[in-house]
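Student: Could you walk me through how to read a helical model, beginning with a single residue and working outward?

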Amino acid sequence: MKSIYKLLLIALAGVILIIVSYFFVDKPVVWFLVAHHSQQFELLKLFANDITAMITIVIFLFYIYYAIKLHANRISDFDKKFLLGFNAVVIGQFLKNILKPIFARYWPATWVCNNPSLVKNHMYGFNWFKSGSAYASFPSGHTTFIFSFSVSMWFLFPKLRWLWSLLAFLLILGQIGMYYHFVSDVIAGALLGSLVGFYSVYGYRHNQMLS
């Protein structure tokens with residue numbers, strides 16, 4: 001129960017941070033990055049896009065591997081751990097896709113379909129219940145992805161916590177640095193992904209502690 005209360009406090013803190021960021025942080029950060037031309041740094045683009053792209057390939061190959069081992073009835077505890085972690089990513093992306101059209105937020109900059117944005121049109125805020133990729137900034141899907149993955153792996157493979165933390169940090173750096181997302185988008189994605197990652201492995205961890 002203590003873990004649940006901690007998660008509730010984290011969720012509340014996350015919501016407060018999102019609200020504060022929306023009113024006081026999001027726009028100043030984007031304008032600062034635009035003024036300093038942060039998109040010229042290719043390394044930030046690599047962090048923003050390629051980390052999740054590589055993990056996606058790994059997940060796809062793992063599901064094939066897992067299906068073969070399942071058919072052969074040779075599933076190990078190691079396999080089960082990775083399945084939980086990769087399933088967390090899938091669940092996180094499913095939930096993110098539900099939430100995006102509900103909030104329907106303007107993007108920081110114009111990327112697709114000549115979408116209205118803060119940088120190009122000075123448009124800022126939410127267009128509630130408006131579907132389409134032109135209004136899909138909140139929450140950040142890439143951040144949801146990496147936190148679903150990293151948080152679940154944090155608990156399943158604690159000896160590599162430095163790696164999971166590094167991957168999450170680099171992706172956040174890329175997403176904000178390239179101003180693909182507002183800071184509050186990233187906070188929301190981190191919150192959603194963390195909750196999904198935790199609950200995806202909660203049952204496994206609970207059973208391990210009892211055994």
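Tutor: Gladly! Keep in mind that this is a predicted model. Let's begin with S150, which lies in helix α6.

Student: Is S150 buried or exposed?

Tutor: Buried means under 20% relative accessible area. S150 has a relative accessibility of 5%, so it counts as buried.

Student: Which residues does S150 touch, not counting residues up to four places away in sequence?

Tutor: Those are W164, L167 and A168. You can also look at a separation in space: G14 is 136 residues from S150 along the chain, and their C-alpha atoms are 17 Å apart.

Student: How do I describe two helices that pack together?

Tutor: Two packed helices are described by the angle between their axes and the distance between the axes. Here, take α6 (residues 141–156) and α7 (residues 161–177): their axes come within 9 Å and cross at roughly 170°. Angles over 145 degrees count as roughly antiparallel, and α6 and α7 are therefore roughly antiparallel to each other.

Student: Which residues meet in the contact of α6 with α7?

Tutor: From α6, they include H142, I146, F149, S150 and W154. On the α7 side, W164, L167, A168 and L171 are among them. The residues of this contact divide into 11 nonpolar, 5 polar and 1 charged.

Student: What should I know about nonpolar side chains in general?

Tutor: In soluble globular proteins, nonpolar side chains tend to be buried together. In this model, the largest nonpolar core has 29 residues, and I51, I55, I146 and F149 have the most contacts inside it.

Student: Which elements give two or more residues to this core?

Tutor: They are α3 (42–71), α4 (77–103), α6, α7 and α8 (183–210). The largest share, 8 residues, comes from α3. For a close-up, try I146: leaving aside its neighbours within four places in sequence, I146 is in contact with I51, I55, L167, A168 and L171. There is also a second, separate core of 6 residues, which includes L33, I176, Y179 and V183.

Student: And how many helices and strands are in the protein chain?

Tutor: The chain has 8 helices and 0 strands. Its radius of gyration is 18 Å, close to the 17 Å that the globule rule gives for 211 residues, so the chain is as compact as a globular protein of that length. Of those 211 residues, 44% count as buried. Finally, among contacts between residues at least 6 apart in sequence, 77% join residues at least 24 apart.

Methods: Residues numbered from 1 in each chain as written. Predicted model: local features only at pLDDT ≥ 70, side-chain atom pairs only at ≥ 80, totals over all residues. Heavy atoms only, no water. Axes fitted to C-alpha atoms, helices over the stretch in contact; angles between N-to-C directions. Helix = DSSP H or I, 4+ residues; strand = E, 2+ residues; numbered from the N terminus. Parallel < 35°, antiparallel > 145°, perpendicular 65-115°, else oblique. Contact = heavy atoms within 4.5 Å. Nonpolar A, V, L, I, M, F, W, Y, C, P; charged D, E, K, R; others polar. Core = buried A, V, L, I, M, F, W, Y, C linked by side-chain atoms within 4.5 Å. Buried < 20%, exposed > 50% of the residue type's maximum accessible area, 1.4 Å probe, protein only. Rg over C-alpha atoms; globule rule 2.2 N^0.38 Å.
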